Amino acid sequence: MKFIFTEPFQKDYQRLPSHIQRVLDKALSFLSTDWQHHSLRTKKLSGTIIWYARVTRAYRFTFQFEEDTIILRRVGTHAILNR
């Protein structure tokens, strides 16, 4: 699958600590090959088309599917799920 990085995702990524960026990069490699990889703990936000996955215990990223593309929406602490 290919990725589209939204502007908010890109801005969020730049604000992350460098060690979290590295962990996120690894999570995205899992996502590209198997979006249901066990380490991602992928779940759908109830009543939406938006999914989220785990980066670390404290960090998550949100995304959605559009045909053969994954649109990366936001990344940050668990609070991003409320935006």
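## Overall build

Buried residues make up 41% of the 83 residues in the protein chain. Buried here means under 20% relative accessible area, exposed means over 50%, and partly exposed lies in between (1.4 Å probe, protein chains only). This is a predicted model: local features need pLDDT of at least 70, side-chain atom pairs count only at pLDDT 80 or more, and totals for chains, interfaces and linings use all residues. Residues are numbered from 1 along each chain as its sequence is written, and side-chain values use heavy atoms, with hydrogens and water left out.

The protein chain has two helices and five strands. Along the sequence they run β-α-α-β-β-β-β. Helices (H or I, at least four residues) and strands (E, at least two) are DSSP runs, numbered from the N terminus. The radius of gyration is 12 Å, close to the 12 Å that the globule rule gives for 83 residues, so the protein chain is as compact as a globular protein of that length. That radius is taken over C-alpha atoms, and the globule rule is 2.2 Å times the number of residues to the power 0.38. Along the principal axes, the C-alpha atoms fill a box of roughly 30 × 25 × 25 Å.

Contact means heavy atoms within 4.5 Å. Among contacts between residues at least 6 apart in sequence, 40% join residues at least 24 apart.

## Nonpolar cores

A nonpolar core is a set of buried Ala, Val, Leu, Ile, Met, Phe, Trp, Tyr and Cys residues joined through side-chain atoms within 4.5 Å. The largest such core has 18 residues, of which Leu24, Leu31, Phe61, Phe63 and Leu72 touch the most other members. Two or more residues come from each of α1, α2, β3 (51-54), β4 and β5. Helix α2 gives the largest share, five residues.

Another core lies apart from this one. It has five residues, among them Leu45, Tyr52, Ile80 and Leu81.

Back in the largest core, Phe63 has a long list of partners. Leaving aside neighbours within four places in sequence, Phe63 is in contact with residues including Leu31, Ile49, Trp51, Ala53, Ile71 and Leu72. Polar side chains also appear on its list, including Thr42 and Arg73.

## Aromatic pairs

Rings of Phe, Tyr and Trp (its six-membered ring) pair if their centres lie within 6.5 Å; planes under 30 degrees apart count as stacked, over 60 as edge-to-face and the rest as tilted. The count comes to seven aromatic pairs. In one of them, Trp35 and Phe65 have ring centres 5.1 Å apart and planes at 70°, so the pair is edge-to-face. Trp35 lies in the loop between α2 (18-33) and β2 (43-44), and Phe65 in strand β4 (residues 59-66), so the pair ties together parts that are 30 residues apart in sequence. Trp35 is partly exposed, at 26% relative accessible area. Phe65 is partly exposed, also with a value of 26%.

The rings of Phe61 and Phe63 have centres 5.7 Å apart and planes at 35°, so this pair is tilted. Both Phe61 and Phe63 are buried. One aromatic cluster takes in Trp35, Trp51, Phe61, Phe63 and Phe65.

## Salt bridges and Asp12

A salt bridge is a side-chain nitrogen of Lys or Arg within 4 Å of a carboxyl oxygen of Asp or Glu. The whole structure holds three. Lys11 and Glu7 form one of them, at 3.2 Å from N to O. They are four residues apart in helix α1, about one helical turn. Lys11 is partly exposed at 43% relative accessibility, whereas Glu7 is exposed at 52%.

Asp12, in helix α1 (residues 7-15), is buried, with a relative accessible area of 5%. Asp12 pairs with Arg15 at 3.5 Å, N to O. These two are three residues apart in helix α1, again about one helical turn. Arg15 is exposed, at 61%.

Asp12 also forms a salt bridge with Arg74, the closest N and O atoms being 2.6 Å apart. Arg74 is in strand β5 (residues 69-77), so this pair ties together parts that are 62 residues apart in sequence. Arg74 is partly exposed, at 23% relative accessibility. Asp12, Arg15 and Arg74 are thus linked in a network of salt bridges. The side chain of Asp12 also reaches the backbone nitrogen of Val75 at 3.1 Å.

How values were computed
Polar contact = N/O pair within 3.5 Å; in protein donor to acceptor, adjacent residues only side chain to side chain.
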